[in-house]
Amino acid sequence: MVSKNIVIQDPLGMHMRPASRLAKMAAGYDSSVKVNFNGKSFDCKSVMLLMTACIKYNSEIELVCDGPDEEKALAELSEFIESGMGE
Amino acid sequence: MYKGIAASRGIGIGSICRIVEQDLSFEAKLISDTAAEKDRFQKAIDDFVEETFAMAEDVRKNIGPQEADILMGHAIMIQDPAMSGEMFNMIDAGQCAEAALTAVCDMFHGMFSAMDDEMMRQRASDIADVKVCILKKLLGIQDIEISKLPAGTVLVCKDLTPSMTSQIVKENVVGIITEIGGVTSHSAILARALEIPAVLSVPGIVDLVEDKDTAIVDGTAGDVFINPEGDVLSKYIIKREEFIKKQAELRKFIGKETLTADGDKLEIYCNIGTPKDAKKAMECDGEGVGLFRTEFLFMDNTHLPTEDEQFEAYKEALQTMEGKNVIIRTLDIGGDKDIPYMDFEKEDNPFLGFRAVRYCLANPDMYKTQLRAIVRASAFGSAKIMVPLVTNVEEVRKVKKLVEEIKADLRKEGIAFDEGIEVGCMMETAASTMIADLLAKEADFFSIGTNDLTGYTMGVDRGNAKVAYLYSAFEPAVLRSIKRIIECGKAEGIPVGMCGEAAADPLMIPLLMSFGLDEYSVNPVLVLTARCIISKWTKAEADALAEKVLAMSTQEEIVAALKAAAKE
């Protein structure tokens with residue numbers, strides 16, 4: 001299991017468009033991908049659950065990957081989040 | 001007879017088609033053949049996703065990318081593992097598809113509704129939409145296809161949604177009646193654009209009528225008759241003919257100058273909201289554009305419009321208008337508008353807050369982008385810059401300074417523009433009325449925005465039914481403001497126009513003529529009406545009427561006197 005802390009840069013937070021891109025990307029890995037935020041854990045492969053986390057601008061999340069391709073998943077997903085999630 | 005709000009003029013007589021909210025109740029039964037139930041559910045989802053994608057493409061072309069993204073979001077939501085995935089699990093456990101759909105959607109609806117983020121709360125209504133659409137598929141409920149309604153249909157519905165309106169075939173729908181909506185509602189604007197008579201806000205009308213009932217829709221008076229007696233019907237058939245004849249009479253004014261009965265020349269301009277509307281302004285014989293609202297560039301967008309995007313839009317309007325004046329109003333929004341990428345804070349009182357020129361001057365980079373796009377576009381026609389919500393002289397000076405900076409840059413870069421581009425004030429606050437004499441020394445022109453001028457002068461929110469009676473441009477306070485603004489403009493020799501609804505009001509026009517208004521900017525469909533009314537008044541007659549009503553002290557007296565003097 002590997003993890004990394006990331007600050008959300010999108011001024012609108014984790015809203016529909018970026019969340020759906022992130023979920024789609026996360027679904028492409030064999031590892032499980034979770035977002036820990038505000039004391040709770042959310043499945044990053046679900047856009048609905050990501051949105052229910054209500055992650056706002058400047059919040060810090062912990063991205064946790066666990067499985068055969070966990071290193072690759074963590075590196076690529078965290079880079080995607082840090083680069084603004086395609087917004 | 002039922003009374004409603006007269007939202008789109010004309011008389012429509014036809015056969016009713018009701019668009020009813022359907023019964024979506026179902027029996028939650030336990031399923032033994034879960035595989036077949038999952039197939040049934042998968043098919044409903046597939047159909048929904050396919051239709052949603054097709055609709056989104058349509059919307060992207062005809063309405064805008066933001067609205068299309070909302071629809072695409074619906075398809076993404078239902079395909080999410082936490083949505084359909086969870087629903088399939090519940091079907092595996094023996095629940096029927098309808099029950100599984102409802103349970104999961106309602107759970108997410110509850111979670112989103114409870115969030116403290118407005119944008120996220122809106123997702124709750126998306127989930128409700130998705131639920132209803134898929135339930136209809138599961139229950140085999142067909143929506144009425146509005147695009148296939150026969151000729152002579154009067155549409156009766158609770159509210160006209162944009163997706164419904166986009167399907168209306170203008171030749172087949174002769175009237176619209178709804179239970180909600182006002183003159184400025186989305187449905188009213190669309191009905192007027194389609195030139196279909198419409199009466200809105202008729203309480204409970206959907207349940208009061210049956211399909212195939214005969215209806216008369218008087219969109220001029222706001223009256224609705226269902227299955228009328230023979231004499232009423234024949235009266236309205238005559239009225240409809242008269243209206244059509246009147247429209248034909250107005251056509252005689254096409255291509256003519258706007259002249260008073262004395263032969264003095266005035267001008268009728270148009271209010272437009274998109275570059276495409278400029279075509280409409282030309283078709284309706286407008287002599288220019290007195291108000292080009294630029295909000296569409298910002299609201300129907302997913303990002304701050306770039307200089308080039310704006311430049312193309314302004315250029316398109318200017319080229320369409322073929323050298324006629326086009327007065328472009330710079331961005332006029334504030335905290336009442338929810339534009340995700342523009343960080344408006346929620347305000348207790350957005351109409352008295354950080355908006356329009358106040359917001360623009362505080363965000364000079366954004367504002368200069370817009371001004372530069374307008375100045376560049378001025379090479380392609382006669383563009384003028386109008387500044388909204390002016391309350392002091394400094395604001396005008398600051399905008400003019402920005403324009404001068406932009407001109408200097410463009411000169412250096414060798415980019416063409418109109419050196420004489422004018423900067424004018426939109427006169428719509430009580431403050432601008434009081435300092436109209438000072439502003440007239442700074443501005444190149446005035447344009448009176450009577451809608452906001454009435455609101456700000458009377459201190460009235462037009463949307464608040466309890467005080468709406470105070471919202472009238474015929475209140476002595478508003479009439480005096482209009483008179484003062486025109487006189488102050490004239491004293492400095494600058495042109496004065498009006499771009500509010502009052503400019504097309506047959507009762508108001510003689511007063512404006514008397515006060516000396518030069519340019520009347522109206523909805524394109526009212527150009528000929530306004531030109532026809534102006535042709536009937538001499539200056540001396542208008543002056544006599546104005547003198548009489550300005551001596552009166554109440555709105556009621558004034559309106560009564562103007563009605564008595566009106567020339568049909």
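**Close-ups of the A–B contact and strand β7(B)**

**View 1. Where chain A meets chain B.** The contact takes 14 residues from chain A and 17 residues from chain B, with two residues counted as in contact if their C-beta atoms, placed from the backbone, lie within 7 Å. On the side of chain A that touches chain B, the elements giving two or more residues are α1 (16-26) and α2 (47-52). The largest share there, 5 residues, is from α2(A). Sorted by type, this side of chain A has 8 nonpolar, 4 polar and 2 charged residues; Ala, Val, Leu, Ile, Met, Phe, Trp, Tyr, Cys and Pro count as nonpolar, Asp, Glu, Lys and Arg as charged, and the others, Gly among them, as polar.

Some housekeeping: this is a predicted model, where local features need pLDDT of at least 70, side-chain atom pairs count only at pLDDT 80 or more, and totals for chains, interfaces and linings use all residues. Residues are numbered from 1 along each chain as its sequence is written, and chains are lettered from A in the order in which they are written.

**View 2. Strand β7(B) and its cover.** Helices (H or I, at least four residues) and strands (E, at least two) are DSSP runs, numbered from the N terminus. In β7(B), residues 214-218, 4 of the 5 residues are buried, meaning 20 or more other C-beta atoms within 10 Å of their own.

**View 3. The partners of β7(B).** Strands pair if DSSP finds at least two bridges between them. β3(B), residues 11-19, pairs antiparallel with β7(B) over 5 bridges, and Gly14(B) sits opposite Ala215(B). β8(B), residues 223-226, also runs antiparallel to β7(B), joined by 4 bridges; here Ala215(B) faces Ile226(B).

**View 4. The β7(B)–β8(B) hairpin.** There are 4 residues between the two strands, and Gly222(B) in the turn has a positive phi of about 85 degrees.

Definitions and conventions. Buried ≥ 20, exposed ≤ 12 C-beta atoms within 10 Å, placed from the backbone.
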